Amino acid sequence: MMVPYGHQWLDKEDIKAVVEVLRSDWLTQGSKIKEFEDSLCRYTGARYAVVVSSGTAALHVASLAAGISAGDEVITSPITFVATANAVIYCGGRPVFADVQNDTINIDPIEIKKKINKRTKAIIPVHFAGHPCDLKEISQIAKERNLILIEDAAHALGAEYKGEKIGSCRYSDMAVFSFHPVKTITTGEGGAVLTNRKDLYEKLLILRNHGITKDRIKFINRNDGTWYYEMQELGFNYRLTDFQCALGISQLKKIERFIKRRREIVKIYQSELSKLEDFVLPIERSYVKSAWHLYAIRLKNRLKRKRKVIFDHLRKNNLWVQVHYIPVYRHPYYQKKYSSNDKCSVAEDYYQTEISLPLYPAMKTSEIQYVINIINQITEVKRKCK
Ligand SMILES: *Cc1c(COP(=O)(O)O)cnc(C)c1O
């Protein structure tokens with residue numbers, strides 16, 4: 001038995017939806033793009049959605065639409081995938097890392113405040129493991145300081161904050177999703193930016209397509225004829241294909257089932273692992289519903305300094321556990337580029353002890369039990385050694 005930390009769920013309906021598009025005339029830029037965007041809007045409650053070729057592309061165009069450019073600082077979490085901070089650098093900006101809360105491992109609003117200065121342009125909080133950040137507090141800070149707020153919601157499609165879906169953008173300017181196979185729903189590669197602001201929506205559309213507009217009323221130069229279009233700024237080919245969008249539409253129909261199954265698995269983990277004393281288990285605040293992208297446990301007591309050994313033991317037993325994440329500023333590229341970047345002490349302590357256990361909707365009950373048995377084994381082995 002090999003149990004990975006995450007895995008997609010694909011069924012016959014998904015395959016049928018993709019094949020239908022493959023048999024049609026349009027592989028890219030057909031009707032499925034708008035249809036997928038509309039279903040994302042309906043699901044989250046946001047007014048506009050722009051689907052792109054990856055979550056990273058989504059972060060990039062969102063950062064550009066936000067106007068992040070050379071000399072700007074952007075505050076984000078160190079406990080994230082490198083793509084969050086990289087997007088800021090693509091735009092010429094500088095990521096500044098604010099420490100996380102010790103329970104949710106989300107960026108701490110108090111720490112955000114400490115990092116704001118006159119160069120600060122935006123805040124990119126990450127809904128770590130699918131648990132929403134303190135959006136209300138963070139949006140208050142952003143409003144007071146006139147900062148753009150972009151949610152990195154790559155983990156959090158399906159999550160809720162104070163009764164509303166993440167992606168509704170009630171508290172933010174934009175929210176970014178990823179449809180990589182380990183995330184809540186998948187299109188292979190893929191991502192989206194959601195927003196309620198028409199001005200940002202229009203910018204995002206142009207940035208996705210080389211900076212080109214075909215909209216006559218937007219032309220800067222003379223309209224030469226019906227073939228005419230204009231490239232007005234430097235954009236990219238970040239388009240998502242029609243067959244990927246067909247997969248996305250089909251996947252989104254199943255999202256409530258996916259989330260429900262994730263929650264069931266977490267419930268089993270919580271009740272079984274809370275019997276053992278050596279782990280700090282993840283929490284869920286009363287006013288949120290986590291999408292449970294990850295089940296991140298921390299070692300404590302006598303296991304605290306044994307992470308390496310335990311991690312290897314789990315891998316040897318075919319549990320494809322992971323560590324989420326190495327604090328971004330620890331990567332050599334970041335160390336070299338920003339030699340003065342300050343360490344975040346909560347993030348550091350977290351990084352030393354974290355292990356992500358397998359969690360995905362397609363997990364079988366026998367696999368969940370297997371994970372629990374192996375975890376029980378390590379605590380027993382350690383007990384005997386004492
Ligand atoms: C997955 C992920 C991304 C990047 O998404 P891709 O679709 O893989 O490009 C960005 N941020 C976070 C937090 C992620 O987990």
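**The ligand shell and Trp26**

Sixteen residues surround the ligand (each with a heavy atom within 4 Å of it), and of these 16, Gly55, Thr56, His155, Ser178 and Lys183 come nearest. The structure is a predicted model, in which local features need pLDDT of at least 70 and side-chain atom pairs count only at pLDDT 80 or more, while totals for chains, interfaces and linings use all residues. Residues are numbered from 1 along each chain as its sequence is written, and side-chain values use heavy atoms, with hydrogens and water left out.

By class, the shell holds six nonpolar, eight polar and two charged residues; here Ala, Val, Leu, Ile, Met, Phe, Trp, Tyr, Cys and Pro count as nonpolar, Asp, Glu, Lys and Arg as charged, and the others, Gly among them, as polar. Helix 3 (55–65) and helix 4 (83–90) each supply at least two shell residues, and helix 3 gives the most, with three. Helices are DSSP runs of H or I with at least four residues, numbered from the N terminus.

Oxygen atoms of the ligand meet several polar side-chain atoms (N or O pairs within 3.5 Å): the distance is 2.5 Å for Thr56, 2.8 Å for His155 and 3.5 Å for Tyr325. The protein covers 92% of the 380 Å² of accessible area that the ligand has on its own (Shrake-Rupley method, 1.4 Å probe).

Turning to Trp26, this residue sits in the loop between helix 1 (12–22) and helix 2 (32–44). Trp26 has a relative accessible area of 54%, so it is exposed (over 50%, 1.4 Å probe, protein chains only). Beyond neighbours within four places in sequence, Trp26 is in contact (heavy atoms within 4.5 Å) with Val21 and Asp242. Trp26 and Asp242 are 216 residues apart in sequence, yet their C-alpha atoms are 7.0 Å apart in space.

Notes: Buried means under 20% relative accessible area, exposed over 50%, partly exposed in between (1.4 Å probe, protein chains only). A polar contact is a pair of N or O atoms within 3.5 Å; within protein, one must be able to donate a hydrogen and the other to accept it, and residues adjacent in sequence count only if both atoms are side-chain atoms.
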